[in-house]
There are 2 protein chains.
Amino acid sequence: MTEVVEIWDPCVERLARLTGDRCKAKTAARKLQNLTDKIDESELTVEAEVFKAMSDPFRLAILKLLREGELCVCEIMTAFDKPQSSTSHHLSILKRAGLVKERKDGKWSRYRLSEGAVIEMMNLAGLMTGD
Amino acid sequence: MTEVVEIWDPCVERLARLTGDRCKAKTAARKLQNLTDKIDESELTVEAEVFKAMSDPFRLAILKLLREGELCVCEIMTAFDKPQSSTSHHLSILKRAGLVKERKDGKWSRYRLSEGAVIEMMNLAGLMTGD
DNA sequence: CTTATATATCGAATAAGCTTGATCCGAATA
DNA sequence: TATTCGGATCAAGCTTATTCGATATATAAG
């Protein structure tokens, strides 16, 4: 009896114990495998960076402030009464994530939202609370 | 000389030095003040929690996996080959943020996306990269 | 009632993030 | 060229997150 091991990963072992049925387990495992294979690793990283940039209350406030138009670092730090280094740092994070765009204007750096999608995402996040 | 101080906050001082014109500075400051006043602090906190929950690659992967339907902790940890404690912990974070819902079923805890908006947010985040 | 299994929670170690003063850079101005 | 001012970067201290083994809880099965 040369028990043919068709088990292609530990996943099936686990699911087999779950369902008690090795055949069903294989099907379930294959389905899970298909789903996880569809998840692109680099896409995951990029999207996580976007969400991380939006996960800080101060940065979120900056984005909301920029809904009305372009502002320089000086105005933003003044509006929120925050140190310049802190404001600049958070703006660089937002910029790196692609959420804001920078425009140099003499000695000023003026920032604006890069996409309307940013506002849309904030609106959607607000919907998540009540449910 | 009882110099009437109409300056209602340090904001104007700063903007006055920026523009050189105290009158314009007051207007600008008032405008900024109006904008910042519109930003609700508690709304900010809630939205930040949602984004923070979505800012981890593993949690994002879980959300993507759940697009296809309900899964138990055991299946999720198996799909990604992650420890049970870690998987359970991340699911609790997603649940607390309102992104997933839990359904107890015997000794299983089955999780599903709570809103279609979750998928929409991930799609929007993906758009942010190229621009 | 004991055992096995699915999940949740705890705890300690490690890593990452935030804050802010200090410093550096670059553009405008005298 | 020296100075000033907006902004970026650095560095230290502090807080928070992530990870994962160990333990607790709870449900089901024997």
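This tour moves through a predicted model, from the two protein chains to a DNA strand and then to two buried residues.

**Confidence**

Begin by colouring chain A by pLDDT. The average for chain A is 85, and 79% of the residues score at least 70. Next select residues 1-11 of chain A, where the pLDDT is below 50. Beyond near neighbours in sequence, this stretch has 11 contacts in the model.

**The two copies**

Display chains A and B together. Two copies of a chain are related by a rotation about an axis and a shift along it. Here a rotation of 180 degrees, with 0.0 Å of shift along its axis, superposes chain A on chain B with an RMSD of 0.1 Å. This is therefore the relation of a two-fold axis. To locate the axis from chain A, select A:Phe51: its C-alpha is the one nearest the axis in that chain, at 2.6 Å. The same surface serves both copies, as 100% of the contact residues of chain A recur in chain B.

**The surface near DNA strand D**

Now select DNA strand D and the 23 residues that surround it. The closest are A:Cys74, A:Gln84, A:Ser88, A:Tyr111 and B:His90. By class, this surface has 8 nonpolar, 9 polar and 6 charged residues.

Which elements should be highlighted as suppliers of at least two residues each to this surface? In chain A they are helix 5 (73-80), helix 6 (84-96) and strand 3 (108-113), joined by helix 6 (84-96) of chain B. Helix 6 of chain B gives the most, with 5 residues.

Turn next to the DNA side. Of the atoms of strand D within 4 Å of the protein, 61% belong to sugar or phosphate, and the rest to bases. Three polar approaches deserve a distance label:

- A:Gln84 places a polar side-chain atom 2.8 Å from a base nitrogen of DNA strand D.
- A:Ser109 has a backbone N or O atom 3.1 Å from a phosphate oxygen of DNA strand D.
- B:His90 has a polar side-chain atom 2.7 Å from a phosphate oxygen of DNA strand D.

**Helix 4 of chain A**

Leave the DNA and select residues 57-65 of chain A, which form helix 4. At the start of this helix, a side-chain oxygen of A:Asp56 reaches to within 3.0 Å of the backbone nitrogen of A:Phe58. Helix 4 is mostly covered, with 8 of its 9 residues buried. Among the buried residues are A:Arg59 and A:Lys64, alongside A:Phe58, A:Leu60 and A:Ile62.

Centre the view on A:Leu63, which lies in this helix. Why does A:Leu63 count as buried? The reason is that its relative accessibility is 0%, and the cut-off for buried is under 20%. Leaving aside residues up to four places away in sequence, A:Leu63 touches A:Met54, A:Leu94, A:Leu99, A:Val100, A:Leu113, A:Val118 and A:Met122. For a sense of scale, draw a line to A:Glu49: the two residues are 14 residues apart in sequence and 16 Å apart in space, C-alpha to C-alpha.

**B:Met128 and its surroundings in chain A**

Finally, select B:Met128, in the segment after helix 7 (116-127) of chain B. B:Met128 counts as buried because its relative accessibility is 1%. Which residues does B:Met128 touch, not counting those up to four places away in sequence? They are A:Val50, A:Ala97, A:Gly98, A:Leu99, A:Ser114, A:Glu115, A:Ala117, A:Val118 and A:Met121. Keep A:Leu99 and A:Val118 selected while comparing views: A:Leu63 touches them, and B:Met128 touches them as well.

How values were computed. Residues numbered from 1 in each chain as written. Chains lettered and ligands numbered in written order. Predicted model: local features only at pLDDT ≥ 70, side-chain atom pairs only at ≥ 80, totals over all residues. Heavy atoms only, no water. Near = heavy atom within 4 Å. Polar contact = N/O pair within 3.5 Å; in protein donor to acceptor, adjacent residues only side chain to side chain. Helix = DSSP H or I, 4+ residues; strand = E, 2+ residues; numbered from the N terminus. Nonpolar A, V, L, I, M, F, W, Y, C, P; charged D, E, K, R; others polar. Least-squares fit on C-alpha atoms with pLDDT ≥ 70 in both. Contact = heavy atoms within 4.5 Å. pLDDT = per-residue confidence, 0-100. Buried < 20%, exposed > 50% of the residue type's maximum accessible area, 1.4 Å probe, protein only.
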